[in-house]
Amino acid sequence: MSAETRPAPTARRRRAVRNPAVVVDDVTVVYTVTSTGGGDEVPVPRAVRLARRALGRPPIVQNRALNRVTLAVEEGESVGFIGRNGSGKSTLMNVVAGQLNPTSGRVYAVDTPAKLGVNVSLVPALSGERNIRLGCLAQGMTPAEVDDRMEKLVHIAALDDAIHWPMKAYSSGMAARLRFAVATATDPHILILDEALGTGDAQFRDRGQARMREIREQAGCILFVSHSMGEVRQMCSRVVWIDAGELVMDGPPDEVIEVYERFMKELAAGNNRTAEGVRDEAAARMVRTELDDVAPRPGADEEPGG
């Protein structure tokens, strides 16, 4: 990943970009996986198929997890990413975090993104409090800085007396709280949260949301993946809908979520063709909006008074 920052390409730009923190530039990710076969799958080259057949190995196909995704996230933005399971949201977050190299395209960022639960490895045998301390030290904080922030981080984790228990005794939700506290300890410039707040109770969600607001106010940006439309509406200033690896819609939360929920309702009712129509119309509408945004205004090139 490069720390270089470039303007987002016009194709996915809804407005002029100011101070971008993350730019995803025409990113495609293609996985090669084993498969028993399917009519819609993309096979690998014939020579590879024949060689694997001769060796008695299962056939492999190509899975396009992301297809030419382009977007920019500005400083101070909180962008929600929504979509069905398997749509490519987590793959995109892994690419932005530098965990996964794209097959093609580039990602530019002003700082190293902090992805919850990835940047620091916690120790199951140690208590939550000790893990917070070690996690903060591993991120470059001084012992004095850790002491200053410890009370606040314990409060954010919302573990009460369990903060003194070994982490191996925690439930998955409790461990997620601890990781959230550690990941947000250093005021990250770019924070990636993949279903991070959905594992906690109301107390933790309130504290987590308050911490996210603090990060935004300090000109940080947040990339937030969630299946909870309520959380997305409450926390995000913008929503990106991804489906089948492609960017379908990018805009205000209420507008994007309303169309997405209509799409999911049709799918749940078994109306696949109608659902596809909703998705295709949303994508077409976004393209029309982008073309309107970049089209020259009448008379824009004329001299004053001409």
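Biologist: Before we discuss helix H2, what does "buried" mean here?
Modeller: Buried means under 20% relative accessible area. The structure above is a predicted model.

Biologist: Which residues of H2 are buried, then?
Modeller: In H2, they are Lys89, Thr91, Leu92, Met93, Val95, Val96 and Ala97. That is seven of the nine residues in the helix, which spans residues 89–97 and is mostly covered.

Biologist: What comes just after H2?
Modeller: Gly98 follows, and its phi is positive, at about 85°.

Biologist: Let us turn to the interior. How many residues does the largest nonpolar core have?
Modeller: The largest nonpolar core has 49 residues. Those with the most contacts inside it are Ile82, Ile132, Leu159, Leu178, Leu193 and Trp241.

Biologist: Which helix gives the largest share of this core?
Modeller: Helix H5, residues 172–183, supplies seven residues, the largest share. Apart from this core lies another one of 28 residues, including Val22, Ala65, Val95 and Val225.

Biologist: What does Ile82 touch?
Modeller: Leaving out residues up to four places away in sequence, Ile82 touches Lys89, Ser226, Met229, Val232, Val239, Val240, Trp241, Ile242, Val256, Ile257 and Tyr260.

Biologist: Now Val29: is this residue buried or exposed?
Modeller: Val29 has a relative accessible area of 2%. Because the cut-off for buried is under 20%, Val29 counts as buried. Val29 belongs to strand S1, residues 20–34.

Biologist: Which residues are in contact with Val29?
Modeller: Beyond its neighbours within four places in sequence, Val29 is in contact with Asn63, Arg64, Ala65, Leu66, Thr91, Val95, Leu100, Pro102 and Thr103. The C-alpha atoms of Val29 and Leu66 are separated by 4.9 Å, although the two residues are 37 residues apart along the chain.

Biologist: And at the surface, which residues make the nonpolar patch of about 200 Å²?
Modeller: Val123, Leu134 and Leu137 make that patch. Leu137 is located in helix H3, residues 128–138.

Biologist: Why does Leu137 count as partly exposed?
Modeller: Its relative accessibility is 36%. Partly exposed covers values between the buried limit of 20% and the exposed limit of 50%, so Leu137 falls in that class.

Biologist: Last topic: where is Arg279 found?
Modeller: Arg279 is part of helix H9, residues 272–294.

Biologist: Which side chain makes a polar contact with the side chain of Arg279?
Modeller: The side chain of Asp243 does, at 2.9 Å. Setting aside residues up to four places away in sequence, Arg279 touches Arg84, Trp241, Asp243, Val248 and Phe263. Trp241 is also one of the residues with the most contacts inside the largest nonpolar core.

Conventions
Residues numbered from 1 in each chain as written. Predicted model: local features only at pLDDT ≥ 70, side-chain atom pairs only at ≥ 80, totals over all residues. Heavy atoms only, no water. Helix = DSSP H or I, 4+ residues; strand = E, 2+ residues; numbered from the N terminus. Polar contact = N/O pair within 3.5 Å; in protein donor to acceptor, adjacent residues only side chain to side chain. Contact = heavy atoms within 4.5 Å. Patch = residues over 30% accessible without salt bridge, like charges linked within 9 Å, V, L, I, M, F, W, Y side chains within 5 Å. Areas by Shrake-Rupley, 256 points an atom, 1.4 Å probe, with all protein chains shown as cover. Salt bridge = Lys/Arg side-chain N within 4 Å of Asp/Glu carboxyl O. Buried < 20%, exposed > 50% of the residue type's maximum accessible area, 1.4 Å probe, protein only. Core = buried A, V, L, I, M, F, W, Y, C linked by side-chain atoms within 4.5 Å.
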